[in-house]
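Colleague: I'm new to this one, so could you walk me through the inside of it?

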Amino acid sequence: MALPVAEWQGRTARLWAALQPALRERLAAASLQDAVRLGCDVLREEEAALVQLCHRAPTDKKPEAASWYREQGNREFKRGRYQAALRLYSKAASHELPGSPEVSVCFANRSAALLHLGHFEVCLEDIARAESHGYPDRLLPKVLLRKAECLLCLGRLQDAQDILRGLESKIALDGVMTTHLARLQKLSQLKVKLGEKERCPEPAQGEHGGTQGEPEIWEENNRISGASSSLSLSFDAERGRHLVASQDIVAGQSLVKEEAFVSVLCPGESLPLQDGDTAWDTRATNADLYCHRCLRQLLASVPCQGCSYAKYCSQDCADRAWQQYHRAECSLGALLLTLGVFCHVALRTVLLAGFAEVSRLVEGSHHGDKNFQNPEGSCKPLSEAADAGAGSRGVPGCDSSGRYRSSYQALFHLLPHTEQHSPEHKFLCTLSVVALCKQLQAAGLEAAVLSQESPQQWSKPKTCEKTSDELSPELKTVAEAMLRHVLQLQCNAQAITVMQELGPGDGAVVDKKPVRLATAFFPVLSLLNHSCCPNTSVSFSGTAATVRAAQPISSGQEVLHCYGPHWCRMRVAERQQLLSQYFFKCHCPACLQELEPGVKSVVSIRNSFCCPKCQAQMQGEEDTLCCSNEACATSASRDHLSGRLQDLQQQIKKALDLLRVGKADQAIKMLLKCQMDAGTFLSPEHLLMGEMEDHLAQVYATLGKWQEAARHLKKSIEIVEMHHGPSSVETGHELFKLAQILFNGFAVSEALSTIQRAEGILSVHFGPQSAQIQELQEMKACLSELPRNILQRT
């Protein structure tokens with residue numbers, strides 16, 4: 001959640017309403033500096049309530065929780081649900097106290113799940129963790145057997161042999177041989193396998209193990225870090241700073257490659273616990289599935305030694321996070337979860353920038369510098385600024401040489417729109433930031449925040465029950481910078497998304513959807529202005545963003561990015577409402593066309609109701625809709641048709657629930673009934689009609705009925721193309737699924753042509769190195785190697 005929890009928002013709203021009118025006026029007109037000072041005085045009434053709210057999101061370690069999670073993991077392991085066991089053992093490890101022998105048991109148990117899942121390298125890493133954390137000597141033989149099995153599977157025969165010899169000697173020296181009978185049997189089995197491997201070594205990997213995409217040609221701009229040399233930075237009064245093509249650009253060309261200056265993982269939704277529920281949740285959220293620093297997907301997480309919340313993909317990531325920011329964040333996890341991701345991003349931003357740089361820029365903003373008060377006011381095209389020797393004064397955010405870098409200086413100059421936020425919103429942000437800084441001070445973290453001591457000198461902070469009413473001058477500076485960043489985020493936050501599998505992900509056809517993974521600041525990406533019909537596509541790999549041309553862009557044309565509501569997904573009135581948070585009114589071609597008198601939104605037409613009698617389109621803006629066919633003249637209540645639509649969506653959900661529990665035949669019957677019902681009141685082009693075709697394809701694929709699955713998916717693709725366009729990323733994803741179905745159904749010729757089309761679309765949006773492109777190329781290579789007579793028949 002970007003903003004604080006609803007309870008804190010409600011308390012600050014009531015506090016705002018209860019303030020004296022004169023104080024409300026002062027706060028509404030206050031500068032960021034004065035807002036922080038006044039916020040310190042106002043907050044003291046609500047500090048105790050905020051502490052209580054934090055108790056709902058505990059992030060400290062609880063050994064009793066670790067024991068419970070480990071037991072749940074053991075149950076799942078015995079049932080053969082190794083993926084679930086893996087997650088539960090990770091949760092258990094995150095709650096164990098550092099240095100406790102129990103944490104070694106969590107790593108050892110997790111290594112067993114990893115072995116069953118075929119993740120041999122990661123299994124070895126967990127075994128090493130178990131050994132280094134003092135795994136009990138009496139249990140060591142079974143872990144060493146597991147290690148030997150992994151080495152055997154990886155083809156490391158000599159290493160496996162050394163482990164087995166040592167283990168054999170250890171068991172022979174043990175006086176109580178009966179306790180090792182099962183292990184001796186396993187040992188002999190592994191020795192047999194080892195002998196077979198030595199006699200029959202596996203053939204070397206051929207050249208067809210995966211076709212690598214061609215490396216992209218990239219020449220970086222010498223004036224804008226992370227941007228292509230085909231772009232230039234310009235300014236005008238209406239559009240502010242923006243990027244323009246300085247030469248003709250082809251579709252699929254990379255335009256910006258930027259690492260986030262700062263990113264914070266979105267924790268994911270967790271339902272509130274009801275009375276009688278256990279205090280610990282077994283469900284996996286983003287916080288369990290992705291590294292809290294680099295955002296890589298987690299298999300075997302390395303937990304933070306100080307809290308149960310932060311988890312990392314490696315010890316290196318854990319150490320780097322600790323040095324850069326987590327040593328200040330660790331004990332504040334509950335408060336950060338309560339105050340929301342925007343506050344967390346703001347804190348991490350100043351920690352990464354360092355107090356010296358933060359102080360320099362905050363002080364500069366106090367001295368009447370026009371670039372700070374109105375960053376766009378004196379902005380010129382970058383070439384003019386450079387020719388005039390204006391440096392950073394020519395283009396706000398540029399350094400003294402006139403180069404725009406992905407730096408804290410550039411980030412600081414992103415517009416906070418201080419005057420345009422509502423006074424109530426500024427008050428909420430102010431109290432939240434001040435509360436966070438007061439807790440930093442109370443917990444003894446000020447020196448860590450101000451970088452006044454080395455990491456070697458820093459120790460675990462002391463917690464205090466009471467906070468001082470007055471912040472130190474340095475923390476007031478930090479609070480002012482954080483308040484600026486929280487306000488900036490409303491217009492400049494970038495959601496880092498990832499394609500996440502729907503369902504268990506163990507089927508032959510994998511369905512994915514984009515999920516918000518993290519919130520980040522990208523100073524260069526923030527230069528792109530919005531359009532509801534953009535000419536670029538943005539993709540992410542970890543914390544890095546890549547902007548590609550989604551279509552040809554002519555020299556002199558502005559490079560545009562969609563901030564969210566795309567023209568083919570939403571009507572203009574709804575788009576304009578959502579875009580109001582950015583404090584501008586969109587005048588892109590799509591909006592201007594829809595706003596013309598008599599023009600109806602394509603979204604409204606395609607997602608319309610149809611007449612239950614003649615199937616013509618129903619029309620009208622009032623509560624009663626009328627058939628567009630004058631000869632029919634049937635009318636119907638909008639509320640009645642909307643109710644039918646909701647009922648239909650509930651029936652589709654029930655059908656998918658049946659599929660999830662293995663009742664595919666019942667799911668098909670229910671979906672076909674839904675289709676018949678939908679045909680009586682929905683337009684044939686309605687997106688829900690396409691979704692039902694997609695769901696039917698999914699069910700038939702589950703049953704291995706590939707021809708039926710392909711037939712339904714092709715109908716879905718027709719509707720998706722109609723709504724999003726034949727070159728859209730949505731069409732690309734649907735074609736990817738169709739390629740999987742045709743591949744599994746051995747429809748070679750059609751599969752190859754579908755692969756080629758999917759590859760062409762997805763490479764434009766995600767580049768030739770993306771995982772989906774690699775998978776398509778592997779399918780193509782596999783099909784191309786089939787005997788010629790089979791290819792000719794199919």
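Modeller: We can take the nonpolar core and then the cysteines.

Modeller: This is a predicted model, in which local features need pLDDT of at least 70, side-chain atom pairs count only at pLDDT 80 or more, and totals for chains, interfaces and linings use all residues. Residues are numbered from 1 along each chain as its sequence is written, and side-chain values use heavy atoms, with hydrogens and water left out.

Colleague: Which residues touch the most other members of the largest nonpolar core?

Modeller: They are Trp8, Leu243, Tyr404, Tyr408, Leu436, Val478 and Met482, in a core of 117 residues. A nonpolar core here is a set of buried Ala, Val, Leu, Ile, Met, Phe, Trp, Tyr and Cys residues joined through side-chain atoms within 4.5 Å, where buried means under 20% relative accessible area, exposed over 50%, and partly exposed in between (1.4 Å probe, protein chains only).

Colleague: And what does Leu436 touch?

Modeller: Leaving out residues up to four places away in sequence, Leu436 touches Leu332, Leu335, Leu336, Leu339, Cys343, Leu347 and Met482, with contact meaning heavy atoms within 4.5 Å.

Colleague: Switching topic, how many disulfides are there?

Modeller: A search of the whole structure finds zero, a disulfide being a pair of cysteine sulfur atoms within 2.5 Å. Cys614 is in no disulfide, and its nearest cysteine sulfur, that of Cys627, is 3.4 Å away.

Colleague: Is Cys614 buried or partly exposed?

Modeller: Cys614 counts as partly exposed, because its relative accessibility is 31%, whereas Cys627 counts as buried at 8%.
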